[in-house]
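Reader: I would like to understand how the terms used for a structure are justified. Could you take me through some of them with care?

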Amino acid sequence: MANDRVVEVKELTKRFGELTILEKISLVVHRAENLVVFGRSGQGKSVLLKCIIGLMNPTEGKIFINREDISKLSIKNLNKVRKNIGFLFQGSALYDSMTVRENLSFTLKRHSPQLNSKEIEDKVVQTLHLVSLADAVDKMPSELSGGMKKRIGLARSIIIDPELMLYDEPTTGLDPISSKEISQLILNLQKKLNMTSIIVTHDLICAEIIADRAIFLKDAKIAFEGSIQELTDSDNSFLRNFFSHEIIKETGV
Amino acid sequence: MKLPRHRYGRRLSYTDYIYNFFATISGLTVFNFEFFKQAFKPPLEIAEIKKHMDELGVKTFGIVSITGLIIGLVLAMQSQPVLQRFGASDFLPGMVALSVVRELGPVITALIFAGRVSSGIGAELGSMRVTEQIDAMEVSAINPFKFLVVTRVIATTMILPILSVYVIVIAIIGGYFAVIIAENMNFQYYIDSVIRAVQFGDFIPGVAKTFVFGYIVGIVGAYKGFTAEGGTEGVGRASTTSVVISSLLILIFDMILVKITLWLWPTIG
Ligand SMILES: Nc1ncnc2c1ncn2[C@@H]1O[C@H](COP(=O)(O)OP(=O)(O)O)[C@@H](O)[C@H]1O
Ligand SMILES: [Mg+2]
């Protein structure tokens, strides 16, 4: 199974000044697996994803993507690795001076310079269909709702056909129906494109739909690891509290 | 590229401000080297540079036109009685033209440009930074420094000299309006006097330094925006400090460049 390790994090520690955000985190994600990362706000979930993609450097520890140590790569080779990775930002991070079409085509054009403009346009439309937003193609990001932005952000990150997707809170701030739709979409993508994914969330419904396996970050460490069932059935009082609260919040009771 | 961090917070002491001042100077120096390292690497992003130049032209055309006209008018209005007192009214067109060409045109245009453009770049890149758009480029294997910073700095460096020449022309015309309010002078005669007074050697250093000013406006705005942190507050800070720092640097470099020109070509002085 060693060949199957798409992401391997070894004893990752991240500090900002005195503050330790992550301490000796180790995890492995195998091909075509969906790993969900739970944790309360400010527990370093986004920091973990940013270390994996090389936007932040670990204070200690190593990160391997397809068995390559990314801290040892030149920027050129790191970019080669990144060309196989999609990243959905917490705030979508759409380029707000560009239309939806340009957001997608700009990314695709630079990813695959060999494509002609017809091929790019086709792929843009096709990807927008995947997220059911083909009619938003000429809109500016400022004209989109939060849920639409998330979908366009998703479309922009999958247009390059990544092997690995990193999702930072894909459903946070969405209504329960959109949130379910997005989760379903992520699951379909994984099945259809055989993608490997790491999904950061605190949305239990989303996790139940997507997750093959979950970890729970607490106080800079991995507090729990297992299936969603195991996590929710756990008699640890902190977890019980976390998930019961989440369920109440998500169903709007 | 390793950039120093600034100290932000509610209550900053004098030492924090002094610290930040030096952090900005050293950060700008690093940023500057990065610019020259990346500016000539392909792809050159010509289309993006042209787009920015267009936008900058449209954005500043109105304000520099008015500024130019007023500089010329006021300068002529102020000089006229003084020159008359010394019986040197004939020198008026030449005097207006020389002041505008050598100093006022380039410097005032640059300061206006800094106010309008440096703040704009600071705010634009700042908001791209805090909303993670710059990170999004980076993870898409796009070089954000090249695409966002280099293109903007080249655009400001190229457009400011053009604007300055335009302002000089407008200001000289403005001077003529002031003259005809007070006395009768034929436009042909006015222009002839201007051309006789202004030598090529006056024109070159005046316009040449606007390349430097344009570069300052671009690089300062881009640096402040690119390194913005701390949400919307950080964007505001990037925008205002860009104007302050670029205006200050324009004045400092003006002084240095004037000194250098006088030293290299003493005959111009
Ligand atoms: N660039 C940074 N500099 C300093 N502190 C940071 C930085 N990025 C994140 N942090 C801190 O790290 C902690 C974890 O942040 P984050 O990963 O965004 O949390 P979350 O789990 O909600 O995604 C927070 O306390 C945050 O203030
Ligand atoms: Mg986060």
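Reader: What makes the approach of an oxygen atom of ligand 1 to a polar backbone atom of A:Gly42 a polar contact?

Author: In this predicted model, the oxygen atom of ligand 1 is 2.7 Å from a polar backbone atom of A:Gly42, and because a polar contact is a pair of N or O atoms within 3.5 Å, the pair qualifies. A polar backbone atom of A:Lys45 is 2.8 Å from an oxygen atom of ligand 1, and a polar side-chain atom of A:Ser46 lies 2.7 Å from an oxygen atom of the ligand. Of the 550 Å² of accessible area that ligand 1 has on its own, the protein covers 63%.

Reader: Which element gives the largest share of the shell around ligand 1?

Author: That share, three residues, comes from α1(A). By class, the shell has four nonpolar, five polar and two charged residues, and the residues around the ligand include A:Phe16, A:Arg40 and A:Met56.

Reader: How do you know that strand β1 and strand β4 of chain A pair?

Author: They are joined over five bridges in the antiparallel sense, and since pairing asks for at least two bridges, the condition is met; A:Lys10, for instance, stands opposite A:Lys62 in β4(A).

Reader: Why is one side of β2 and of β5 in chain A left without a neighbour in the sheet?

Author: The four strands form an open sheet in the order β2-β1-β4-β5, with antiparallel pairing. β2 (19-30) and β5 (68-69) stand at the edges, each with a single partner strand, so one side of each has no neighbour in the sheet. Helix α1 (residues 45-53) lies across β1, β2 and β4 of chain A, running at about 120° to β1(A).

How values were computed
Residues numbered from 1 in each chain as written. Chains lettered and ligands numbered in written order. Predicted model: local features only at pLDDT ≥ 70, side-chain atom pairs only at ≥ 80, totals over all residues. Heavy atoms only, no water. Helix = DSSP H or I, 4+ residues; strand = E, 2+ residues; numbered from the N terminus. Contact = heavy atoms within 4.5 Å. Axes fitted to C-alpha atoms, helices over the stretch in contact; angles between N-to-C directions. Near = heavy atom within 4 Å. Polar contact = N/O pair within 3.5 Å; in protein donor to acceptor, adjacent residues only side chain to side chain. Areas by Shrake-Rupley, 256 points an atom, 1.4 Å probe, with all protein chains shown as cover. Nonpolar A, V, L, I, M, F, W, Y, C, P; charged D, E, K, R; others polar.
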